[in-house]
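Hi,

Here is the structure I promised to pass on. Have a look at it first, and then read on for what turned up.

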Amino acid sequence: MNATPAETTGPILRTLSGLRFSKGHGTGNDFVLVADPEGVRAIGADQAAALCDRHRGIGADGLIRAVPSRFLPEGRELLTEAPDAEWFMDYRNADGSLSEMCGNGVRVFVHFLRTEGLIDLPDGGSLTIGTRGGVKTVVRTGDGYAVDMGPWEFIFPGEASAKAMDSLVTADGLEVARPALSVSMGNPHTVVALAELSELTGTRLFTAPKVDPVPANGTNVEFVVPAEPLVHDGVGSVTMRVHERGVGETQSCGTGACAAAVAIRHWAGAEAPDAWRVHVPGGVVGVKFFAGPGGHEHVELSGPAVIVASGTLS
Ligand SMILES: N[C@@H](CCC[C@H](N)C(=O)O)C(=O)O
């Protein structure tokens with residue numbers, strides 16, 4: 001889903017000639033990454049969409065610019081609260097739109113900072129970074145990264161607590177509208193429960209699902225099937241596909257996995273565990289709930305991060 005008309009992609013990419021980039025992914029959710037340590041390489045919506053174009057550009061679900069927080073107004077604002085948040089993840093979706101947060105992106109961003117030699121983060125070490133969704137703390141684990149994504153919230157709180165569902169979603173391949181729950185992880189999500197894996201594979205996500213009511217700034221839509229049994233060895237399990245706002249169907253969505261765990265735990269009630277495994281087309285990510293500062297429940301997202309290539313835009 002690229003907003004840039006095909007004929008303009010080439011001229012737009014020429015404005016970025018000489019740009020050094022890397023390509024990376026977290027469970028198949030892929031990104032073009034650009035390091036901008038001097039804060040001189042702002043990338044606009046059209047340029048991001050051209051870079052992310054899968055046929056005429058490099059191709060990715062999103063663009064991440066790594067820039068010191070002090071060079072962005074939203075970064076400078078965060079520095080007053082978290083002076084150690086030196087690096088800012090400037091994230092755009094494949095269509096060029098800004099999003100508050102990208103969970104897989106945060107892991108790949110920190111891995112990119114390491115591979116570029118911009119930070120030193122030993123195994124077990126932690127790093128504070130800035131995002132449009134606030135300050136996040138990332139820990140390097142043996143096999144990837146774990147991110148404190150902060151607190152979650154219901155988007156329509158009154159409806160959710162009264163009925164457990166707050167909206168209806170229709171999608172190609174589903175015969176009737178399905179009830180859903182909208183959850184904010186800094187960015188908006190609407191989680192739709194399906195009964196069986198055959199329904200999940202039969203859902204077609206070439207076109208955006210219709211959500212009613214839709215959250216104010218649009219939404220990412222997750223279709224989820226809880227495992228049977230739901231909990232094994234104290235860990236809940238769920239299979240998910242996602243249609244991302246500003247992108248289309250992706251192989252994985254970290255904030256979406258967190259929202260899916262929030263919704264399923266809410267539906268499952270008091271017995272539901274705090275640790276979850278979320279299976280997505282591109283792999284598996286972990287989600288955990290824990291008591292964060294100020295008595296707020298926080299969500300931790302964990303999973304791998306990979307850099308696959310680096311190059312220069314010709
Ligand atoms: N893939 C991301 C989410 C990216 C942003 C999303 N499309 C939005 O517009 O909110 C993730 O891993 O969280």
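Start with Asn187: an N or O atom in its side chain sits 3.0 Å from an oxygen atom of the ligand. Two backbone contacts go with that one. A polar backbone atom of Gly103 is 2.7 Å from a ligand oxygen, and for a polar backbone atom of Asn104 the distance to an oxygen of the ligand is 2.9 Å. On its own the ligand would expose 370 Å², and the protein buries 100% of that. Please keep in mind that this is a predicted model, so treat the distances as computed values.

Who else is around the ligand? There are 15 residues around it, and the ones that come nearest are Asn29, Gly103, Glu244, Gly254 and Thr255.

Next, the empty space. Rolling a probe the size of a water molecule over the atoms shows where such space is left. Searching the whole structure turned up one cavity of 30 Å³ or more. The volume of the largest cavity is about 80 Å³.

Which residues lie nearest the centre of that largest cavity? They are Met101, Asn187, Glu244, Cys253 and Thr255, out of 15 that line it. You will recognise Asn187 from the ligand contact above, and Glu244 and Thr255 from the residues that come nearest the ligand.

By type, the lining has four nonpolar, nine polar and two charged residues. At least two lining residues come from each of β4 (87-93), α4 (103-115) and α7 (254-268). Both domains take part: domain 1 (6-149 + 305-312) and domain 2 (153-298) each give at least three residues to the lining.

A few backbone oddities to look at while you have the model open:

- Asp212 and Pro213 are joined by a cis peptide bond, with omega at about -5°. Pro213 is in the loop between β12 (210-212) and β13 (220-232).
- Glu228 and Pro229 are also linked by a cis peptide bond, and omega there is about -5°. Pro229 lies within strand β13.
- Thr27 has a positive phi, near 45°, although Thr27 is not a glycine. You will find Thr27 in the loop between β1 (20-26) and β2 (29-35).

If you only have a few minutes, I would begin with the ligand and its contacts to Gly103, Asn104 and Asn187, then turn to the cavity, and leave the cis bonds for last.

Cheers

Technical notes:
Residues are numbered from 1 along each chain as its sequence is written. This is a predicted model: local features need pLDDT of at least 70, side-chain atom pairs count only at pLDDT 80 or more; totals for chains, interfaces and linings use all residues. Side-chain values use heavy atoms; hydrogens and water are left out. On a 1 Å grid over the protein atoms alone, a cavity is a set of points where a 1.4 Å probe fits but cannot get out, and a pocket is an open set with protein on both sides within 12 Å along at least five of seven lines; lining residues have an atom within 4 Å of a point. Grid points are joined across faces, edges and corners, and a volume is the space filled by probe spheres set on the points. Helices (H or I, at least four residues) and strands (E, at least two) are DSSP runs, numbered from the N terminus. Ala, Val, Leu, Ile, Met, Phe, Trp, Tyr, Cys and Pro count as nonpolar, Asp, Glu, Lys and Arg as charged, and the others, Gly among them, as polar. Domain bounds come from an automatic or database domain assignment. A residue is near a molecule or strand if one of its heavy atoms lies within 4 Å of it. A polar contact is a pair of N or O atoms within 3.5 Å; within protein, one must be able to donate a hydrogen and the other to accept it, and residues adjacent in sequence count only if both atoms are side-chain atoms. Accessible areas come from the Shrake-Rupley method with a 1.4 Å probe; for residues, only the protein chains shown count as cover.
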